[in-house]
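Have the sequence and the 3D view open side by side for this one. We'll take it piece by piece.

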Amino acid sequence: MRASRLLSILLLLQSHGRLTATDLARRLEVSVRTIYRDVESLHAAGIPLYGSAGHAGGYRLVDGWRTRLTGLTTEEADRLLFAGLPGPAAELGYQSVVSSLQRKLRAALPDPLADRATRLQERFHLDTPGWYSDGDPSPHLAPTAEAVWRQHRIRVRYRSWRGEVSRVLEPYGLVLKGGRWYVVAARPDRPEPATYRINQILDLTPLDESFDRPGFDLPGWWRAHVVGFRARLHRDEATIRLSPAGRDRLREIAADAVVAAVDASAGPPDAAGWVWAVIPVESLTHAHGDLLRLGAEVEVLSPAPLRERLADTAARLATLYRAPSRPGDEGPAPG
């Protein structure tokens with residue numbers, strides 16, 4: 001570990017020119033005292049490293065000296081894919097390895113390319129979770145990733161829509177979709193892969209049992225899975241009227257398939273600007289919740305059960321908001 005840290009100090013100084021002991025300690029997540037000891041060790045090894053005090057002080061390498069000790073470790077080479085994805089790398093427990101890898105890659109680049117890489121890192125940032133969520137944290141993500149890598153089975157207790165179930169899984173791969181992690185896995189008694197959301201794993205036990213991973217194309221399988229999911233998603237239809245404001249709002253909250261259906265089926269607007277359209281819906285329950293978000297900017301014409309459910313909800317809301325919320329909120333009695 002210390003040898004790796006000494007090399008990291010050299011690579012950081014080679015890349016940045018000058019760094020203080022505080023800078024180095026923060027980047028390497030050690031104490032300033034540890035940096036002082038490491039610098040003394042580098043001096044003793046004959047590395048042309050010097051320090052200066054004052055506002056512009058810090059440690060520097062002698063001009064023109066460059067280390068070529070930039071070889072990647074096996075673990076760093078394995079994690080190369082995550083070099084541009086610091087968020088997912090941290091969730092998987094790879095942050096320190098990826099940080100070391102980025103330092104080595106930058107140090108190995110010629111100066112013009114290294115400067116370009118720095119500018120790219122300063123100007124582009126990938127933030128995978130949605131606006132209303134910090135991602136999909138789970139204590140079982142890292143052990144699942146380790147099982148994927150080692151091709152070892154895991155026993156999980158999982159929360160499915162049917163309730164809690166226990167499964168032995170053969171994990172083929174991990175997928176990050178919309179800020180949520182999924183494991184694509186088969187079962188010993190059912191070789192057809194399925195998806196399991198990592199956040200719904202309640203308990204996980206790694207098993208000392210390896211499995212044979214077939215020639216499995218994870219990206220191809222996932223693309224087909226998404227296509228099938230979307231095809232199964234919207235099986236029914238609803239006829240609606242939309243106000244101009246409702247149509248604008250629909251573009252912000254609805255799935256692409258719904259927006260496209262409105263654009264394709266909407267007739268000419270009436271005198272008030274409202275349009276008729278036919279939209280695909282997943283289910284009565286989902287459509288009820290989604291269309292409520294449009295408030296009074298949408299009217300459901302059919303199917304009748306959906307219209308009746310929305311009318312019932314609107315009536316109960318009207319009753320709720322007509323009544324005082326707490327005793328004493330009625331205001332002064334008329335004089």
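What follows is a walk through the fold, from overall figures down to single residues.

Keep in mind that you're looking at a predicted model. The protein has 335 residues, and 36% of them are buried. Its secondary structure comes to 13 helices and 11 strands. As for the outside, the protein exposes about 20,900 Å², with carbon and sulfur atoms supplying 54% of that area. If you look at contacts between residues at least 6 apart in sequence, 57% of them join residues at least 24 apart.

Now find the open sheet. In what order do its 5 strands run? Reading across, the order is 7-6-5-4-8, and the pairing is antiparallel. The edges belong to strand 7 (190–197) and strand 8 (201–210); each has a single partner strand, so one side of each has no neighbour in the sheet. Going from one strand to the next, the twist averages 40°. As a bit of background, strands in a sheet pair through backbone hydrogen bonds, and they can do that either parallel or antiparallel.

Zoom in on the end of the sheet where strand 8 sits. Strand 4, which covers residues 152–160, runs antiparallel to strand 8, and 6 bridges join the two. To see one such pairing for yourself, pick out H152: it stands opposite S210 in strand 8. Something also packs on this sheet, namely helix 8 (residues 141–150). Helix 8 touches strand 4, strand 5 (163–177), strand 6 (180–187) and strand 8, and its direction makes about 70° with that of strand 5.

Further along the chain, there's another antiparallel pair to look at. Strand 9 (residues 236–242) and strand 10 are joined by 7 bridges. Among the residues involved, R241 has W276 in strand 10 as its bridge partner. Is strand 10 largely enclosed or largely open? Strand 10 spans residues 275–281, and 5 of its 7 residues are buried, so the rest of the structure largely encloses it.

For a contrasting view, head to helix 13, which spans residues 304–322 and includes Y321. Why does Y321 count as exposed? Its relative accessibility is 67%, and the cut-off for calling a residue exposed is over 50%. Y321 also has company on the surface: together with L317 and L320, this tyrosine forms a nonpolar patch with about 360 Å² of accessible area.

Notes:
Residues numbered from 1 in each chain as written. Predicted model: local features only at pLDDT ≥ 70, side-chain atom pairs only at ≥ 80, totals over all residues. Heavy atoms only, no water. Patch = residues over 30% accessible without salt bridge, like charges linked within 9 Å, V, L, I, M, F, W, Y side chains within 5 Å. Areas by Shrake-Rupley, 256 points an atom, 1.4 Å probe, with all protein chains shown as cover. Salt bridge = Lys/Arg side-chain N within 4 Å of Asp/Glu carboxyl O. Helix = DSSP H or I, 4+ residues; strand = E, 2+ residues; numbered from the N terminus. Buried < 20%, exposed > 50% of the residue type's maximum accessible area, 1.4 Å probe, protein only. Pairing = 2+ DSSP bridges. Axes fitted to C-alpha atoms, helices over the stretch in contact; angles between N-to-C directions. Contact = heavy atoms within 4.5 Å.
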